[in-house]
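Work through the exercises below with the model open. Each task is followed by a solution in short steps.

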Amino acid sequence: MKIIGTGSALPTLSVTNNQLATFLDTSDEWITERTGIKARRLLSTESLYDIAETAAKKAIEASGLSPEQIDFLICSNVANRHVTPGISCIMQNRIGIKCAGLDINVACAGFVNAMMLADSMIKAGNARYIMILCAEEPSKYCNWHERDCSILFADGAGAVIVGPGDSFKDVQLTMISNRDVLYYERPLESTPFEKEHEHGQPLVMKGRELFRQAVSESSKDIMKLLSRQGLTPSDIDYYLIHQANKRIVDGIRSLLKEPEEKFPTNIEYYGNTSSASIPILLDEMLAQGRIHDGDKIVMSAFGAGFVSAACLLEW
Ligand code: COA
């Protein structure tokens, strides 16, 4: 499998740390120092489906394919206003494709998991060209009266088109059941047969625990991947790490003992866009001409679950 087209789209509204500090007990200095984030894009006038459509159409255009040639759609999304139908069904019509598709929710690790699925489907002969569309609006499930999650999360969409090829080399997936580290509970409708009604909770996070687990499990994923492929960290040209916190990226980097220029970031301007963060970063790097034929690229993500995932591509 190889990536033949990418696209991304972000909300137009950019909100700075100073703007958050007007209604939250926080500061630009604290957020910048602890997370690397200076601003984030938040949905305001447009919807998640609008930006997902833009990202998907850009990826199709970049691939040089016509929409009819896409024969499967994998959408990665944690939550959106529709519990059903799936976001893949909603997006099929808007993108103008006719193929079947499915939704996956592997939190912020959704993109790497979708790459694994797409690779398996192509190898099995079930599809030739697949769109992976990661569309996330975590700003809509943060508690905006509290400073813990709302300073971190942001909205965005990233898409790739994959097709036959030999670029996707290997993948490492990890799942450790630990709901308490990061979760969002939506109340379901009450029935007359329950004793207690369910209550929802905006995103709850144990930041320090998540930070430690992210650095440790992602480094392990990457080392397992590299050792299986007979590679060392210095053989890799770029590490595209989930943009959750610049300090997490730095933590993984210092364990791998590799230079900063191999770890591109855009969290400074976009915040944490969940599973969309890696495809958005990839799309930007390609637009900047930073990725060249033969480059070895590791993508590594982690999130609620606890889940983590890493994959290796040779461009
Ligand atoms: N603004 C200002 N001060 C804040 C703050 C905020 N937004 N959040 C916490 N603080 C304060 C705390 O109250 C505490 O004050 P105290 O020392 O007086 O008690 C101090 O800052 C340190 O808090 P702590 O929570 O220990 O900070 P931290 O260094 O762990 O940073 C996170 C907090 C959330 C930035 C960090 O733990 C993190 O990034 N974790 C991972 C989160 C993540 O990536 N989630 C998504 C994964 S997909």
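A salt bridge here is a side-chain nitrogen of Lys or Arg within 4 Å of a carboxyl oxygen of Asp or Glu. The model is predicted: local features need pLDDT of at least 70, side-chain atom pairs count only at pLDDT 80 or more, and totals for chains, interfaces and linings use all residues. Residues are numbered from 1 along each chain as its sequence is written, and side-chain values use heavy atoms, with hydrogens and water left out.

**Exercise 1. Salt bridges within helices**

Task: Find the distance between the closest N and O atoms of Glu53 and Lys57, then place both residues.

Solution:
- Start with the atoms. The closest N and O atoms of Glu53 and Lys57 are 2.8 Å apart, and the pair forms a salt bridge.
- Place the pair. Both residues sit in helix α3 (residues 48–63), four residues apart, or about one turn of the helix. Helices (H or I, at least four residues) and strands (E, at least two) are DSSP runs, numbered from the N terminus.
- Recall the geometry. An α-helix has 3.6 residues a turn, so residues three or four places apart point the same way.
- Check accessibility. Buried means under 20% relative accessible area, exposed over 50%, and partly exposed in between (1.4 Å probe, protein chains only). Glu53 has 19% and counts as buried. Lys57 has 38% and counts as partly exposed.

Task: Repeat the analysis for the salt bridge between Asp250 and Lys246.

Solution:
- The N to O distance is 3.0 Å.
- Asp250 and Lys246 are four residues apart in helix α7 (residues 246–256), so about one helical turn separates them.
- Asp250 is partly exposed at 23% relative accessibility. Lys246 is buried at 17%.
- Now look for shared partners elsewhere. Salt bridges join Asp50, Glu53, Lys57 and Arg94 into one network.

**Exercise 2. A salt bridge between loops**

Task: Which parts of the chain does the pair Asp25 and Arg147 tie together?

Solution:
- Confirm the contact. Asp25 and Arg147 form a salt bridge, with their closest N and O atoms 3.4 Å apart.
- Locate each end. Asp25 is in the loop between α1 (17–20) and α2 (28–35), and Arg147 is in the loop between β6 (130–136) and β7 (156–163), so the pair links parts 122 residues apart in sequence.
- Add accessibility. Asp25 is exposed at 63%, and Arg147 is partly exposed at 46%.
- Put the pair in context. The count by this rule comes to 16 salt bridges.

**Exercise 3. Helix α5**

Task: Compare the expected span of α5 with the distance between its end C-alpha atoms.

Solution:
- Apply the rule. The expected span is 1.5 Å times one less than the number of residues.
- Compare. Helix α5 (residues 110–123) has 14 residues and should span 20 Å; its end C-alpha atoms are 20 Å apart, which agrees.
- Turn to burial. Ten of the 14 residues are buried, so α5 is largely enclosed by the rest of the structure. Among them are Phe111, Val112, Met115 and Ile122.
- Step past the end. Just after α5, Gly125 has a positive phi of about 80 degrees.

**Exercise 4. Pockets and a cavity**

Task: Describe the largest pocket by volume and lining.

Solution:
- Set the terms. On a 1 Å grid over the protein atoms alone, a cavity is a set of points where a 1.4 Å probe fits but cannot get out; a pocket is an open set with protein on both sides within 12 Å along at least five of seven lines; lining residues have an atom within 4 Å of a point. Grid points are joined across faces, edges and corners, and a volume is the space filled by probe spheres set on the points.
- State the volume. The largest pocket holds about 640 Å³.
- List the lining. It has 27 residues, with Leu152, Met205, Gly207, Arg208 and Asn245 nearest the centre of the pocket.
- Assign elements. α2, α6 (207–228), α7 and β12 (296–303) each give two or more residues. α6 gives the largest share, five residues.
- Assign domains. At least three lining residues come from each of domain 1 (2–166) and domain 2 (170–314); these bounds come from an automatic or database domain assignment.

Task: Which residues line the largest cavity?

Solution:
- The largest cavity has a volume of about 30 Å³.
- Leu10, Gln243, Asn266, Tyr270, Gly271, Thr273, Ser277 and Ile280 line this cavity.
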